[in-house]
Amino acid sequence: LYCNRKIFFIMKILFLGDVVGSSGCDSLRKNLPEIIKNKKIDFVVLNGENAAEQGVGITEKICNEMFSCGVDVITTGNHVWDQKETLHHIEKENRLIRPENLIKPSPGRGFKVFDAKNGLKVGVLNLMGNVFMKKCDDVFVEAENFLKKNTLKDDYDFLVVDFHGEITSEKMAIGHFFDGKATLVIGTHTHVPTNDARVLENGTAYQTDAGMCGNYNSVIGMDKLNSLKKFFKNKEAKKHFPANGEASLCGVIVDANIETGLANEIENFIHGGDLKNS
């Protein structure tokens, strides 16, 4: 009875970091349905802003492929408009969101509440950092305004926050700001999984960066030889393009408490490719 009761009150949320190019998309299609089944995942969020073949942006076709293999919501970041079709597609596809603090007006939305397969409501908020990123509104002002209007367990059962940012201090500050008010605050953009997954003191699961779903025999998902040429200012260097090869799917799994909407546990998740779980 205790075990059944314990399982009943847990919601399992999988968040996957930036999907990069064809290798990331291929691995997702191949592996995600089995991961969802084996890990008993109730809701899947991933960042798809690098999923296009060129390694920047996302397309309608890729969105549909991701949804068909089990993704519930796609977040984005600074590359959201790099495939121009997204400007139109995001207006009709509610499951694709962009950073809430993009300069207004911007197409689409940065927050929405979704129905999970088990009938519970999951709010997903996409934010973007201000330091070393494209110009956007003050993320801390936007976060404060958001929490004035939205409350955990009143407006949604769970809240997942994707903070797409370059620097760790911004990400950690946002994590503490949302502590006790979100289920998960997870960083994206830098493509390297950080070893700091933990539940903060007021119950919010946190990791500074989820890593990427891409080939790690690369430079953050891009072809390593071409990237070296770029760093050495070699005239033969081409525009960055994704590395081929087997991708590692990187992210976190959160055991969320249905009663409180907060996290019981967070687990670093890595599947396949060059990286391994520590």
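At 278 residues, a compact globule would be expected to have a radius of gyration near 19 Å, and the protein comes in at 18 Å, so the two agree. The model is a predicted one. Along its principal axes, the C-alpha trace spans about 65 × 40 × 35 Å. Seven helices and 13 strands make up the secondary structure. Of the 278 residues, 56% count as buried. As for how the chain meets itself, take the contacts with a separation of 6 or more: 64% of them are between residues 24 or more positions apart.

The outside can be summed up in a few numbers. About 12,900 Å² of the protein is exposed, and carbon and sulfur atoms supply 53% of that area. The protein carries 34 positive and 37 negative charges, and the mean positions of the two sets are 3 Å apart.

Next come the aromatic rings. A pair of aromatic rings is described by how far apart the centres are and by the angle of the planes. Searching the whole structure turns up three aromatic pairs. In one of them, Phe111 and Phe146 have ring centres 4.8 Å apart and planes at 75 degrees; an angle over 60 counts as edge-to-face, so that is what this pair is. The two residues come from distant parts of the chain, with Phe111 in strand β5 (residues 111-115) and Phe146 in helix α5 (residues 139-149), 35 residues apart. Phe146 has a relative accessible area of 6%, and since anything under 20% counts as buried, Phe146 is buried.

Phe111 also pairs with Tyr156. Here the ring centres are 6.0 Å apart and the planes sit at 70 degrees, so this pair is edge-to-face too. Because Phe111 belongs to strand β5 while Tyr156 sits in the loop between α5 and β7 (158-164), the pair ties together parts that are 45 residues apart in sequence. Phe111 and Tyr156 are both buried. Put together, Phe111, Phe146 and Tyr156 form one aromatic cluster.

Two other buried residues show what surrounds a side chain in this model. Val71 is in the loop between α3 (60-68) and β4 (73-75). Despite the loop address, Val71 has a relative accessibility of 3% and so counts as buried. Once neighbours within four places in sequence are set aside, the contacts of Val71 are Leu28, Leu32, Val44, Leu46 and Met66. Val44 is a handy example from that list: Val71 and Val44 are 27 residues apart in sequence, yet their C-alpha atoms are 5.1 Å apart in space.

Lys12, for its part, is located in strand β1 (residues 10-16). With a relative accessibility of 18%, Lys12 falls under the 20% cut-off and therefore counts as buried. Setting aside neighbours within four places in sequence, Lys12 is in contact with Lys39, Lys40, Ile41, Asp42 and Phe43, and also with Ile253, Val254 and Asp255.

The backbone has a few spots worth a look. Most residues other than glycine have a negative phi, and most peptide bonds are trans. Lys40, one of the contacts of Lys12, has a positive phi, near 55 degrees, without being a glycine. Lys40 is placed in the loop between α2 (21-39) and β3 (43-47). At a relative accessible area of 61%, Lys40 is exposed. Phe132 also has a positive phi, near 60 degrees, and is likewise a residue other than glycine. This residue is in the loop between β6 (121-128) and α5. Phe132 has 67% relative accessibility, so it counts as exposed.

A cis peptide bond, with omega near 0 degrees, runs from Lys104 to Pro105. Pro105 is in the loop between α4 (86-92) and β5, and Ile103 is placed in the loop between α4 and β5 as well. What does Ile103 touch, not counting residues up to four places away in sequence? The list is Lys135, Cys136 and Asp137. Ile103 has a relative accessibility of 37%, which means that it counts as partly exposed. Ile103 and Ile13 are 90 residues apart in sequence, and in space their C-alpha atoms are 30 Å apart.

Terms used: Residues are numbered from 1 along each chain as its sequence is written. This is a predicted model: local features need pLDDT of at least 70, side-chain atom pairs count only at pLDDT 80 or more; totals for chains, interfaces and linings use all residues. Side-chain values use heavy atoms; hydrogens and water are left out. Helices (H or I, at least four residues) and strands (E, at least two) are DSSP runs, numbered from the N terminus. The radius of gyration is taken over C-alpha atoms; the globule rule is 2.2 Å times the number of residues to the power 0.38. Buried means under 20% relative accessible area, exposed over 50%, partly exposed in between (1.4 Å probe, protein chains only). Contact means heavy atoms within 4.5 Å. Accessible areas come from the Shrake-Rupley method with a 1.4 Å probe; for residues, only the protein chains shown count as cover. Lys and Arg count as positive and Asp and Glu as negative; His and the chain ends are not counted. The place of a charge is taken as NZ of Lys, CZ of Arg, CG of Asp or CD of Glu. Rings of Phe, Tyr and Trp (its six-membered ring) pair if their centres lie within 6.5 Å; planes under 30 degrees apart count as stacked, over 60 as edge-to-face and the rest as tilted.
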